[in-house]
Amino acid sequence: MTTARLPLFPLNAVLFPGLVLPLNVFEERYRAMMRELLKTDEDEPRRFAVVAIRDGRETAPTGSGMPDAVNVPAERGPADGFGPDPVQTFHRVGCIADAAKIRERPDGSFEVLATGTTRVKLLSVEASGPFLTAELEELDEEIGEEAGALAEGVLRAFRSYQKRLAGASERSLTTGADLPDDPSVVSYLVAAAAVLDVPAKQRLLQAPDTATRLREELTLLRSETAVIRHLPSLPAVDLTRAPTHPN
């Protein structure tokens, strides 16, 4: 069992291995985290863990869109908004992020570009410092049975889903020719690209193996495609760009 203690960045979103995560960091507790990460040698990974916040468990307001200095206070304690026992507020499976770019702005906020690397299990949360840290156990990615065949089925279902979604929003989306064929990569890419809520994405992240994740994706994609087929229109959705997450 490989364990590590890393800075913890809770989000109202799920990060998957291999996916890019842009962050707009303006709260002081997360600024402190980025300043600490910048102390890491440039040749070493600047790692932190991302976990999704459970629905209804965050007790302090969270800004949406660009940060609002009036409504969202810059100085909050490391565990503010996450209840008396923060570990109960977060989903127990998250993802390590490697920050390839950390750029400090003149106002002290940060622009961060990170990539998900490895799934982790949350063991404990520590709030004694300027930002949250967590003890984490790295989770191996087991392939499972028939993952290759399932990946092919998921890709076909995803292409159909994209076409339906593009038709509903009158937009042209990425074609299946751009998609990979490695089962694990397929499972994570589809999980990130599909328009699903956080609980559904979290279930996919914590699937015990690739094959299980692909089976659930196949069911979800077929269901979502059937729903879209009967809708006259949908809001425009861009599956190729991830939103910037404000903290």
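Colleague: Happy to look at this with you! How many of the 11 residues of helix α3 are buried?
Modeller: Keep in mind that this is a predicted model. Helix α3 spans residues 183-193, and its buried members include Pro183, Val186, Tyr188 and Ala193. The helix is largely enclosed by the rest of the structure, because the number of its residues that are buried is eight.

Colleague: Nice. Which residue caps the N-terminal end of α3?
Modeller: Look at the backbone nitrogen of Ser184, which has a side-chain oxygen 3.1 Å away. Ser184 is itself one of the buried residues of α3. The oxygen belongs to the capping residue, Asp182.

Colleague: Which side chain of opposite charge is nearest to Glu217?
Modeller: Glu217 sits in helix α5, residues 210-229, and is buried. A salt bridge needs a side-chain nitrogen of Lys or Arg within 4 Å of a carboxyl oxygen. The nearest candidate is 5.3 Å away, and Glu217 has no salt bridge; that candidate is Arg213.

Colleague: Then which residue has its backbone nitrogen 3.4 Å from a polar atom of the Glu217 side chain?
Modeller: Setting aside residues up to four places away in sequence, Glu217 touches Val154, Val186, Ser187, Val190, Ala191 and Leu204. Among the buried residues of α3 are Val186, Ser187, Val190 and Ala191. The backbone nitrogen in question is that of Ala191.

Colleague: Good, on to strand β2. Is Asn24 buried or exposed?
Modeller: Asn24 is found in strand β2, and its side chain makes a polar contact at 2.9 Å with the side chain of Arg105. Buried means under 20% relative accessible area. Asn24 has 4% relative accessibility, so it counts as buried.

Colleague: Why is helix α1 largely enclosed by the rest of the structure?
Modeller: Its buried residues are Arg29, Tyr30, Arg31, Ala32, Met33, Met34 and Leu37. They pack against β1 (3-11), β2 (20-25), β3 (47-52), β4 (93-104) and β5 (110-126). The helix is largely enclosed because, of its 10 residues, the number buried is seven.

Colleague: Which α1 residues does Phe48 contact?
Modeller: Phe48 is among the residues with the most contacts inside the largest nonpolar core. Leaving aside neighbours within four places in sequence, its contacts include Leu6, Pro7, Phe9, Leu23, Cys95 and Ala114. Helix α1 covers residues 28-37, and the contacts of Phe48 there are Met33 and Leu37.

Colleague: Last one: which helix gives the most to the largest nonpolar core?
Modeller: This core has 69 residues, with Leu8, Phe9, Met34, Phe48 and Phe90 making the most contacts inside it. The top contributor supplies nine residues and runs over 147-169: helix α2.

Key. Residues numbered from 1 in each chain as written. Predicted model: local features only at pLDDT ≥ 70, side-chain atom pairs only at ≥ 80, totals over all residues. Heavy atoms only, no water. Core = buried A, V, L, I, M, F, W, Y, C linked by side-chain atoms within 4.5 Å. Buried < 20%, exposed > 50% of the residue type's maximum accessible area, 1.4 Å probe, protein only. Helix = DSSP H or I, 4+ residues; strand = E, 2+ residues; numbered from the N terminus. Contact = heavy atoms within 4.5 Å. Polar contact = N/O pair within 3.5 Å; in protein donor to acceptor, adjacent residues only side chain to side chain. Lys, Arg positive; Asp, Glu negative; His and termini not counted.
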